[in-house]
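Q: I'd like a close look at one part of this model, followed outward into its surroundings. Could you take me through it step by step?

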Amino acid sequence: MRLLRFLPRAVVVTLMVLAGLVLVGTVYPLVGAGGRDRLNRGWSRCLLRVCGVRVTVSGQPLMRGAVLVVANHVSWLDIFVINAVRPTAFVAKSEIRRWPIVGRLVAGAGTLFLQRGHRHAIHTVGEAMKARFANGESVGLFPEGTTTEGFSLLPFHGSLLEPARQAGVPIQPVALRFLRHGKRDSFAAFVGEETLVGNLWRILGTRGLAVETAYLPPLQVDTAHTRLKMAADARAIIERELAGEPPARGH
């Protein structure tokens, strides 16, 4: 049964990725920011549907103006879950840019790549984030720096919260809770040495996956606060949400 579910889903996902490359190369240059946002949102929702992942949303996401979205990190699905609500330019490790096909797709969609280990990497990405904020865009960040199984949080790195602090941009924490057949589960987590192909095999071959996405009250940025305090505050808010009862169903 797993193979019978996997094969048709894998074919459709492959076609969607190829179609996404065509859109990025031909349509994106011709449409404005609003058009690109609609394409990103629609593509992300379709991808999640094809993968068999149901998404529920609670809270009040900031849908207009500049915002820095900070979330816990469980899976490669996280980006599309958030993009399905509001298209967001994520900061990602530069290695993703070199992934076959997918790297070109995410680069064309506006991802900000961080060259880890380079002396000026944080400054370069920070300046790119400020430019996005100046255009009223949403930028996304996973401050843990890596994925977990979704039940607890690693420490939050505060370096890339500094551009939001300097620009006075609100920081909105988002808690992602992964479920399988209605119960909290790490089945979809993309952790350790697992390959993307192996993770796709599990996700596309199963049923009952869901993600509860809780948009929590934004932190009002105060330049008197350090980026470390803001990172700690955001982490505490997300940690409380992950430890609590499932959020009320949204849309």
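Where is the place of Gly158?

A: Happy to walk through it with you. Gly158 sits in the loop between β5 and α6. Please keep in mind that this is a predicted model. The chain averages a pLDDT of 90, and 96% of its residues score at least 70. Residues 246–251 fall below 50, and that stretch has 17 contacts in the model beyond near neighbours in sequence.

Let us begin with Gly158 itself. Gly158 counts as buried because its relative accessibility is 5%, under the 20% cut-off. Leaving out residues up to four places away in sequence, Gly158 touches Arg227 and Ala231. Ala231 is 73 residues away from Gly158 in sequence, yet the two C-alpha atoms are 5.2 Å apart in space.

The loop between β5 (138–141) and α6 (162–167) also holds Thr148. Thr148 is buried because its relative accessible area of 11% is under 20%. A polar atom of the Thr148 side chain lies 3.1 Å from the backbone nitrogen of Gly150. Setting aside residues up to four places away in sequence, Thr148 touches His73, Val74, Leu154, Ala189 and Val191.

Phe142 is another residue of the loop between β5 and α6, and its ring partner Phe90 belongs to strand β3 (residues 89–93). These two rings form a stacked aromatic pair, with 5.2 Å from centre to centre and 15° between the planes. The pair links distant parts of the chain, as Phe90 and Phe142 are 52 residues apart. Both Phe90 and Phe142 are buried.

That pair leads to the other rings in the model. There are four aromatic pairs by the rule used here. One of them joins Trp76 and Phe80 edge-to-face, at 6.3 Å between centres and 75° between planes. Trp76 is buried, as is Phe80. Ring pairs also bring Trp43 together with Trp76 and Phe80 in a cluster.

Rings meet charges too, and here Phe187 is the residue to look at. The charged end of Arg180 sits over the Phe187 ring, 3.9 Å from the ring centre. The charged end of Arg202 also sits over the ring of Phe187, at 5.1 Å from its centre.

Arg180 belongs to β6 (171–180), and the loop from β6 to β7 (183–184) contains His181. Although His181 is not a glycine, its phi is positive, at about 55°. Most residues other than glycine have a negative phi. His181 counts as exposed because its relative accessibility of 56% is over the 50% cut-off.

Arg202, in turn, takes us to helix α7 (residues 196–204), where Asn199, Arg202, Ile203 and Leu204 are buried. The buried residues of α7 pack against α1 (2–27), α3 (77–83) and β8 (209–215). In the loop between α7 and β8 you will find Gly205. Gly205 is buried because its relative accessible area is 1%, under 20%. Apart from neighbours within four places in sequence, Gly205 is in contact with Arg2, Arg5, Phe6, Arg9 and Leu200. For a sense of distance, Gly205 and Pro61 are 144 residues apart in sequence and 31 Å apart in space, C-alpha to C-alpha.

Those contacts point to the start of the chain, so a record is worth adding here. An unreviewed UniProt entry lists residues 6–31 as "transmembrane region". In the model, the span of residues 6–31 is 85% helix and 0% strand, and its end C-alpha atoms lie 34 Å apart.

Tyr28 offers a last step, as one of the residues that Asn40 touches; Pro87 and Ala109 are the others, not counting residues up to four places away in sequence. Asn40 lies in helix α2 (residues 33–50). Asn40 counts as buried because its relative accessibility is 15%, under the 20% cut-off.

To return to your starting point, Gly158 is a buried residue in the loop between β5 and α6. Thr148 of the loop between β5 and α6 is buried as well, and so is Phe142.

Terms used
Residues are numbered from 1 along each chain as its sequence is written. This is a predicted model: local features need pLDDT of at least 70, side-chain atom pairs count only at pLDDT 80 or more; totals for chains, interfaces and linings use all residues. Side-chain values use heavy atoms; hydrogens and water are left out. Helices (H or I, at least four residues) and strands (E, at least two) are DSSP runs, numbered from the N terminus. Buried means under 20% relative accessible area, exposed over 50%, partly exposed in between (1.4 Å probe, protein chains only). A polar contact is a pair of N or O atoms within 3.5 Å; within protein, one must be able to donate a hydrogen and the other to accept it, and residues adjacent in sequence count only if both atoms are side-chain atoms. Contact means heavy atoms within 4.5 Å. pLDDT is the predictor's confidence in each residue, from 0 to 100. Rings of Phe, Tyr and Trp (its six-membered ring) pair if their centres lie within 6.5 Å; planes under 30 degrees apart count as stacked, over 60 as edge-to-face and the rest as tilted. A charge sits over a ring if NZ of Lys or CZ of Arg is within 6 Å of the ring centre and within 35 degrees of the ring normal. UniProt positions are given in the numbering used here, feature names are shortened, and annotations may be inferred rather than shown by experiment.
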